[in-house]
Amino acid sequence: MLQFARDLEGLRENLDHASNEYMPIEHRDPAARGFLVVINELTAGTEPTVAVARAMAAYDRIRAERKEYDRSVNAQKEQRDAELAAEEEITRKVACPTCGAEAGLSCVGTGRSGGYRRKSHVDRVRLARSLNDGHTHSNAEAADLP
Ligand SMILES: [Zn+2]
């Protein structure tokens, strides 16, 4: 019985650690919280159906929080990707002073992945930004700049 009590205490600690509200939401385990709640309720003498209902509520709450967190992470990522794509589109309007890539073409040797995720050389980004601030220049003028 003493061993059982020790094991139960250890299990409670583990479950609490895995689902504690002070943990970042992405690391909180809904099932661990539900299991902990059902153990706590049953050992406190709560009627089993009520204990299970409370465990389910705790489980659902963390699952909902995690879903919300995942949604916001995805939204932020999409926002960043869109900003990167927009910046890259502007950058590619000028020729690259570093690798010589012509306007409209991507830089040479800056990454493995294709599309707009591939970043241009820093000097090309700076050049495109400086030209984009204020006046518009033609590609030919941009390519002549140092
Ligand atoms: Zn380049």
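**Helical organisation and nonpolar cores of the predicted model**

The largest nonpolar core comprises eight residues, namely Leu 15, Phe 35, Leu 36, Val 37, Val 38, Ala 55, Ala 58 and Tyr 59. Two elements, α2 and α3 (48–91), each give two or more residues to this core, and the greatest contribution is that of α2, which supplies four. A second core, separate from this one and made up of seven residues, includes Ala 101, Cys 107, Leu 127 and Ala 128.

These cores are described in a predicted model, in which the secondary structure of the protein amounts to five helices and zero strands, so that the order of elements from the N terminus reads α-α-α-α-α. Of the 146 residues of the protein, 16% are classed as buried. Among the contacts with a separation of 6 or more, 50% are made by residues that lie 24 or more positions apart.

The mean pLDDT of the protein is 88, with 86% of the residues reaching 70 or more. Confidence is highest in helix α2 (residues 30–43), where the mean is 97, and lowest in helix α5 (residues 139–144), where the mean is 47. The pLDDT is below 50 over residues 137–146, a stretch that nevertheless has 14 contacts in the model beyond near neighbours in sequence.

Helix α2 was examined further with respect to its geometry and its surroundings. At 1.5 Å a residue, the 14 residues of α2 should span 20 Å, and the C-alpha atoms at its ends are 20 Å apart, in agreement with that expectation. Its buried residues are Arg 33, Gly 34, Phe 35, Leu 36, Val 37 and Val 38, and the elements that cover them include α1 (2–19) and α3. Within this buried run, Val 38 is in contact with Ala 51, Val 52 and Ala 55 when its neighbours within four places in sequence are left aside; of these partners, Ala 55 is itself listed in the largest nonpolar core, as is Val 38. Just after α2, Gly 45 adopts a positive phi of about 90°.

Several C-alpha separations relate positions in α2 to positions in α3. Ala 31, which is found in helix α2, counts as partly exposed because it has 14 C-beta neighbours inside 10 Å, whereas 20 or more would be required for a buried residue. Ala 31 and Tyr 59 are 28 residues apart in sequence, yet their C-alpha atoms are 5.9 Å apart in space, and Tyr 59 belongs to the largest nonpolar core. Asp 60, located in helix α3, is 29 residues from Ala 31 in sequence and 9.1 Å from it in space, C-alpha to C-alpha. With 13 C-beta neighbours inside 10 Å, Asp 60 is also assigned to the partly exposed class. Arg 61, likewise placed in helix α3, is partly exposed, with 13 other C-beta atoms within 10 Å. A distance of 9.8 Å separates the C-alpha atoms of Arg 61 and Gly 34, which are 27 residues apart along the chain, and Gly 34 is one of the buried residues of α2.

Attention then turned to helix α4 and the loop that precedes it. In α4 (residues 122–132), the buried residues include Arg 124, Leu 127 and Ala 128. Viewed down the axis of α4, its buried residues fall within an arc of 95°, and they therefore line one face of the helix. Leu 127 and Ala 128 are also among the members of the second core. In the loop between α3 and α4 lies Thr 98, which is partly exposed, with 16 other C-beta atoms within 10 Å. Not counting residues up to four places away in sequence, Thr 98 touches His 121, Asp 123 and Arg 124, of which Arg 124 is buried in α4. The C-alpha atoms of Thr 98 and Val 108 are separated by 9.3 Å, the two residues being 10 positions apart along the chain.

How values were computed:
Residues are numbered from 1 along each chain as its sequence is written. This is a predicted model: local features need pLDDT of at least 70, side-chain atom pairs count only at pLDDT 80 or more; totals for chains, interfaces and linings use all residues. A residue is buried if 20 or more other C-beta atoms lie within 10 Å of its own, exposed if 12 or fewer, and partly exposed in between; C-beta atoms are placed from the backbone. The arc is that of the directions from the helix axis to the C-beta atoms. Two residues are in contact if their C-beta atoms, placed from the backbone, lie within 7 Å. pLDDT is the predictor's confidence in each residue, from 0 to 100. A nonpolar core is a set of buried Ala, Val, Leu, Ile, Met, Phe, Trp, Tyr and Cys residues joined through C-beta atoms within 7 Å. The expected span of a helix is 1.5 Å times one less than its number of residues.
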